[in-house]
Amino acid sequence: MTLDGPSGILLRSSTVQTLAMALHELMTNAVKYGAIGQPAGRLDVRWTYEQPEETAEPWLHIDWRESGVTMPPQGASPTGTGQGRELIERALPYQLNARTCLEMGVEGVHCTISIPVSKRTGADRRDGV
Ligand SMILES: Nc1ncnc2c1ncn2[C@@H]1O[C@H](COP(=O)(O)OP(=O)(O)O)[C@@H](O)[C@H]1O
Ligand SMILES: [Mg+2]
């Protein structure tokens with residue numbers, strides 16, 4: 001498993017709450033169906049901070065990629081409640097203005113979540129964190 005990205009990104013408390021639910025759901029799914037539950041599975045979580053221009057709102061981009069996962073055959077009837085999917089594909093865009101994508105790849109789940117965030121503090125900028 002890799003976790004890789006910059007620290008010092010400020011999130012609003014409302015963002016933290018909803019994002020934590022989404023990450024919890026992704027992790028629960030990875031344990032139940034994916035990379036954490038399978039011996040050959042691998043999970044890479046990376047994130048980047050994007051500041052398009054001084055005046056524009058910065059973005060946090062999260063990339064959740066599972067690999068080495070044995071997935072159910074294509075066209076297999078869906079299992080589960082679909083609540084995790086619903087949270088990521090509908091609640092995050094609605095509550096946080098996030099852009100999300102959740103794909104069932106042949107090697108595992110690939111999920112991207114992009115969220116508009118607060119600007120970083122001056123201290124963080126100076127440290128380049
Ligand atoms: N990490 C994963 N790896 C493989 N399949 C997954 C993964 N996450 C979700 N799925 C598939 O997508 C379905 C929907 O997931 P979700 O919406 O979280 O519902 P639930 O967790 O209740 O099954 C799961 O039942 C499973 O078949
Ligand atoms: Mg789930």
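This report describes the pockets of a protein model and the ligand bound in one of them.

The model is a predicted one, and its secondary structure comes to 3 helices and 5 strands. Read from the N terminus, these elements follow one another in the order β-α-β-β-α-β-β-α, while the C-alpha trace extends over about 50 × 30 × 20 Å along its principal axes.

**The largest pocket**

The largest pocket of the protein encloses about 850 Å³ of space. Its lining is made up of 32 residues, among which Y33, P72, T79, R85 and M104 are the closest to the centre of the pocket. Two helices and two strands, namely α1 (13–32), α2 (83–96), β3 (59–67) and β4 (99–104), are the elements that each contribute two or more residues to this lining. Of these contributors, α1 provides the largest share, with 6 residues. In chemical character the lining of the largest pocket is mixed, since it divides into 14 nonpolar, 14 polar and 4 charged residues.

**The second largest pocket**

The second largest pocket has a volume of about 240 Å³, and 13 residues line it, with L3, L23, V45, W47 and I62 lying nearest its centre. The elements that give two or more residues to the lining of this second pocket are α1, β2 (42–50) and β3. Here the lining consists of 13 nonpolar residues, with no polar and no charged ones. Both α1 and β3 thus appear among the elements named for the largest pocket and among those named for the second largest pocket.

**Ligand 1 and its surroundings**

Which pocket does ligand 1 sit in? Ligand 1 sits in the largest pocket, where 17 residues surround the ligand and N29, Y33, T79, T81 and R85 are the closest of them. Y33, T79 and R85, listed here among the residues closest to the ligand, are also listed among those closest to the centre of the largest pocket.

The shell around ligand 1 divides into 5 nonpolar, 8 polar and 4 charged residues. Helices α1 and α2 each supply at least two residues of this shell, and the largest share, 4 residues, comes from α1, the helix that also gives the largest share of the pocket lining.

Several contacts between polar atoms of the protein and ligand 1 can be set out by residue, as follows.

| Residue | Protein atom | Atom of ligand 1 | Distance |
|---|---|---|---|
| E66 | polar side-chain atom | nitrogen | 3.1 Å |
| T81 | polar side-chain atom | oxygen | 2.6 Å |
| G82 | backbone N or O atom | oxygen | 3.1 Å |

The protein covers 89% of the 530 Å² of accessible area that ligand 1 has on its own. T81, whose polar side-chain atom lies 2.6 Å from an oxygen atom of the ligand, is also one of the residues listed as closest to ligand 1.

Conventions: Residues numbered from 1 in each chain as written. Chains lettered and ligands numbered in written order. Predicted model: local features only at pLDDT ≥ 70, side-chain atom pairs only at ≥ 80, totals over all residues. Heavy atoms only, no water. 1 Å grid on protein atoms, 1.4 Å probe; cavity = no way out; pocket = protein on both sides within 12 Å on 5 of 7 lines; lining within 4 Å. Points joined across faces, edges and corners; volume = space filled by probe spheres on them. Nonpolar A, V, L, I, M, F, W, Y, C, P; charged D, E, K, R; others polar. Near = heavy atom within 4 Å. Polar contact = N/O pair within 3.5 Å; in protein donor to acceptor, adjacent residues only side chain to side chain. Areas by Shrake-Rupley, 256 points an atom, 1.4 Å probe, with all protein chains shown as cover. Sits in = over half its atoms within 2 Å of the grid points.
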